[in-house]
Amino acid sequence: MPEVTLPDAYRADVETLWDYHDMHHTIRPTDVAIGLGSHDLGVATFTAELYREDMFPRIVFSGANAPTTIERFPRGEAVHYREHAIELGVPDEAILVEPKATNTGQNIEFTRELLADHGIEVSSATLISRPYQQRRAYSTAKKLWPALEIVCASRPLPLDDYIVSIGDVGRVINMLVGDTQRIMVYPAQGFAIPQDVPPEVEAAYRRLVDAGFTSRLIR
């Protein structure tokens with residue numbers, strides 16, 4: 001069984017990255033929610049909660065599969081997200097499914113195309129993602145859809161509770177480290193707008209890399 005307790009030796013650095021990736025946006029009404037597919041069904045759960053609070057009238061779930069999600073969501077991430085949201089009371093007609101995206105850039109591009117195909121004009125969106133994906137989702141969306149007003153949101157779980165919900169502390173740390181690297185390297189590759197990386201964030205990232213949390217790094 002994977003470990004779910006965050007070791008004290010890594011806590012300070014993990015908490016630094018965890019806080020950095022949270023954009024700390026205030027949730028407010030927008031034209032649409034974009035639920036970004038992943039292994040985390042909590043994205044769909046929180047999207048449904050915000051829909052019931054009238055934060056947006058329409059939802060797009062976007063995502064095909066990755067090697068880490070094919071077993072859990074064999075019909076595709078967005079399809080399973082939709083089914084979960086409907087189970088939580090979201091009406092079917094409020095949901096659009098974008099089932100082809102395999103990365104965050106495609107999540108944004110394909111969602112924009114899907115909305116246009118349905119004649120739906122939007123000027124603002126709530127990007128709902130895993131907690132540690134907020135900053136990367138924001139920087140990617142602002143690169144690809146700069147005019148869009150963006151509110152980033154994630155299921156509001158404390159770090160330790162989130163790790164328990166995922167069921168694998170190593171997986172969470174590796175994903176945090178991988179997303180931090182992407183924040184640093186994606187702008188030069190044209191995938192995202194630049195983000196400030198404070199020295200304490202880069203130092204925490206380097207220590208966790210040195211500790212062996214490298215499985216999600218871009219080689």
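The expected span of a helix is taken here as 1.5 Å times one less than its number of residues, and with that in hand I would like to begin with helix α4 of this predicted model. Helix α4 covers residues 104-117, which makes 14 residues, and from its first C-alpha to its last it reaches 20 Å, close to the 20 Å expected.

Let me stay with α4 for a moment and turn to its buried side chains and backbone positions. The buried residues of this helix are Thr 104, Gly 105, Asn 107, Ile 108, Thr 111, Leu 114 and Leu 115. An α-helix has 3.6 residues a turn, so residues three or four places apart point the same way. As for what they pack against, the partners are the strands β1 (32-36), β2 (59-62), β3 (95-98) and β4 (124-128), together with helix α5.

Now to helix α1, residues 8-21. The 14 residues of α1 should span 20 Å, and its end C-alpha atoms are indeed 20 Å apart, which agrees. There is nevertheless a kink in α1 of about 25 degrees, and it is centred on Val 14. Val 14 is also among the buried residues of the helix, alongside Asp 13, Leu 17, Trp 18, Tyr 20 and His 21. The buried residues of α1 pack against four helices, namely α5 (134-144), α6, α7 (169-185) and α8 (199-210).

Of those partners, I would like to look at α6, residues 159-166, which packs with α1 at an angle of about 90 degrees, the two axes being 11 Å apart. Since angles of 65 to 115 degrees count as roughly perpendicular, α1 and α6 are therefore roughly perpendicular to each other. In this contact, Arg 11, Val 14, Glu 15 and Trp 18 from α1 meet Leu 159, Asp 160 and Tyr 162 from α6. By class, that gives 4 nonpolar and 3 charged residues, with no polar ones.

Finally, two loop residues: which of them is buried, and which exposed? Asp 54, in the loop between α2 (42-52) and β2, is exposed, because its relative accessible area is 64% and the cut-off is over 50%. Its C-alpha atom is separated by 17 Å from that of Glu 87, which lies 33 residues away along the chain. Ser 129, by contrast, sits in the loop between β4 and α5, and at 2% relative accessibility Ser 129 counts as buried. Leaving aside neighbours within four places in sequence, Ser 129 is in contact with Leu 36, Val 43, Gln 134, Ala 153 and Ser 154.

Note on methods: Residues numbered from 1 in each chain as written. Predicted model: local features only at pLDDT ≥ 70, side-chain atom pairs only at ≥ 80, totals over all residues. Heavy atoms only, no water. Axes fitted to C-alpha atoms, helices over the stretch in contact; angles between N-to-C directions. Parallel < 35°, antiparallel > 145°, perpendicular 65-115°, else oblique. Contact = heavy atoms within 4.5 Å. Nonpolar A, V, L, I, M, F, W, Y, C, P; charged D, E, K, R; others polar. Bend = angle between axes of the 7 residues up to and from the residue. Buried < 20%, exposed > 50% of the residue type's maximum accessible area, 1.4 Å probe, protein only.
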